[in-house]
Amino acid sequence: MTGNYSLQDLDLVLRVAENGNMSEVARQLNITNAAVSAAIKRLEASLNVSLFERTTRSVRLSPAGQAFLPHVQQALGALDSAEAELRNMQTLIAGEIRMGLPSDFGRNLMLPWLDAFQQQHPAVTIKLYFSDFMQDLYREGLDVVIRYGELKDSGLVARKLCSNRRTLVAAPAYLAQHPPLTSLDDLLQHNCIVFYRNDRPYTKWGFHQDDKWVEVDVSGDRSADDGDVVKRWGVAGRGIIYKSRLDVLRELQSGELVEVLQGRYIGQAADIFAVFKERRYQPYRLTALLNYLAQVMA
């Protein structure tokens, strides 16, 4: 290493560049703002350039910083990859994985899989962050987020873990007390429990029918931004829900829920993706986890 800076200084500069906010980086790492600022100053003094353009609210890369940053990413990635290779040679997968999960899928399906993975690799530590909102990997310092559907952010990589679709389901007790459903239009006469996605009510339920896309605008007496709560209401007989089939698979098998209009309509695709940062060198612990999840989901 040349100059009067350290690998930690390079890592802090990279984090600030990704977040655009020194205070946020300090909060994530539980260090002072002064420590972050000092790391940047050491690197800038050693290189004799200004890496950031500072404002009262944020920082952004200067032209010199934009030219320098890819080399920092490559250098740190190479070191991370080398460390991972050494661990792999010792048949040891270790380190921390910070993972974002949707509420229902995360609690009811992912937890047992993650337990099994950690039993195989006890040197791995996992921190979980549950949210049905779209999580920001950079701002929240996450390594990977599990999500329904592929994200369109060009700065992220989406790896498909398994195919999946939404399906209409309700509790037998609810169906026994309400008029039968023979078409999507009948949903207008039923209590449909609505899920909020990114602060917006998901009321337009879409389906494929005979190579056509059809939608129905539903309503009901309750809604939630937590998918697990929506499912619990469905199981309790409060109304009809439109959920990922993986989320309700156990309840379908136990008979707590049954599929509605099955065979007449094909639900919207809700494939499961792992979304992570685009890096040339991926930590081996994360690669191992994603390979494991793809295998168990298959």
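In strand S14, Ala 170 finds its opposite number in Val 258, with strands taken as DSSP E runs of at least two residues, helices as H or I runs of at least four, and both numbered from the N terminus. The model is a predicted one, so to speak of local features takes a pLDDT of at least 70, side-chain atom pairs count only at pLDDT 80 or more, and totals for chains, interfaces and linings use all residues. Residues are numbered from 1 along each chain as its sequence is written, and side-chain values rest on heavy atoms, with hydrogens and water left out.

The Ala 170 pairing belongs to an open sheet of 3 strands, ordered S13-S7-S14 and paired antiparallel; two strands pair if DSSP finds at least two bridges between them. S13 and S14 (258-259) are the edge strands, each pairing on one side only. Between S7 and S14 there are 2 bridges, antiparallel. On the other flank, S7 (residues 166-170) is joined to S13 by 4 bridges, again in the antiparallel sense. Here Thr 167 sits opposite Lys 243, and Leu 168 has Tyr 242 across from it.

S7 itself is mostly covered, with 5 of its 5 residues buried, where buried means under 20% relative accessible area, exposed means over 50%, and partly exposed lies in between (1.4 Å probe, protein chains only). Arg 166, Leu 168 and Ala 170 point one way from the strand, Thr 167 and Val 169 point the other way, and all are buried.

A strand with similar bookkeeping turns up later in the chain. In S16 (residues 272-277), 6 of 6 residues are buried, so the strand counts as mostly covered. S16 pairs antiparallel with S5 (residues 144-148) over 5 bridges, and one bridge pair there is Ile 146 with Ala 274. S16 is also joined to S6 (residues 156-162), by 6 antiparallel bridges; Leu 156 has Lys 277 as its bridge partner.

Next comes helix H7 (residues 227-235), in which Gly 227, Asp 228, Val 230, Lys 231 and Gly 234 are buried. These residues sit on the same side of H7 because they cover an arc of only 160 degrees around the axis, the arc being that of the directions from the helix axis to the C-beta atoms. Their packing partners are helix H5 (103-120), strand S8 (194-197), strand S12 (223-224), strand S13 (241-244) and helix H8 (249-254). S13, an edge strand of the S13-S7-S14 sheet, is thus one of the elements that the buried residues of H7 pack against.

H5 and H7 pack at an angle of about 75 degrees, and their axes are 6 Å apart; axes are lines fitted to C-alpha atoms, for helices over the stretch in contact, with angles running from 0 to 180 degrees between N-to-C directions. That makes H5 roughly perpendicular to H7, since angles of 65 to 115 degrees get that label, while under 35 counts as roughly parallel, over 145 as roughly antiparallel and the rest as oblique. In contact terms (heavy atoms within 4.5 Å), Ser 103, Asp 104, Arg 107 and Asn 108 of H5 meet Gly 227, Asp 228 and Lys 231 of H7.

The two ends of H7 also deserve a word. At its start, a side-chain oxygen of Asp 226 comes to within 2.8 Å of the backbone nitrogen of Asp 228. After the helix comes Gly 237, with a positive phi near 80 degrees.

S8 and S12 also appear in a second open sheet of 3 strands, with order S9-S8-S12 and mixed pairing. Its edge strands are S9 (200-202) and S12, each of which pairs on one side only. S8 and S9 are antiparallel, with 3 bridges between them, and Arg 197 has Arg 200 in S9 as a bridge partner.

Glu 44, in helix H3 (residues 33-47), counts as buried because its relative accessibility is 11%. Neighbours within four places in sequence aside, Glu 44 touches Val 49, Ser 50, Leu 51, Phe 52 and Arg 54.

For the chain as a whole, the secondary structure comes to 9 helices and 16 strands. The C-alpha atoms fill a box of roughly 75 × 45 × 35 Å along the principal axes. Of the 298 residues, 44% are buried. Among contacts between residues at least 6 apart in sequence, 71% join residues at least 24 apart.

Note on methods. A polar contact is a pair of N or O atoms within 3.5 Å; within protein, one must be able to donate a hydrogen and the other to accept it, and residues adjacent in sequence count only if both atoms are side-chain atoms.
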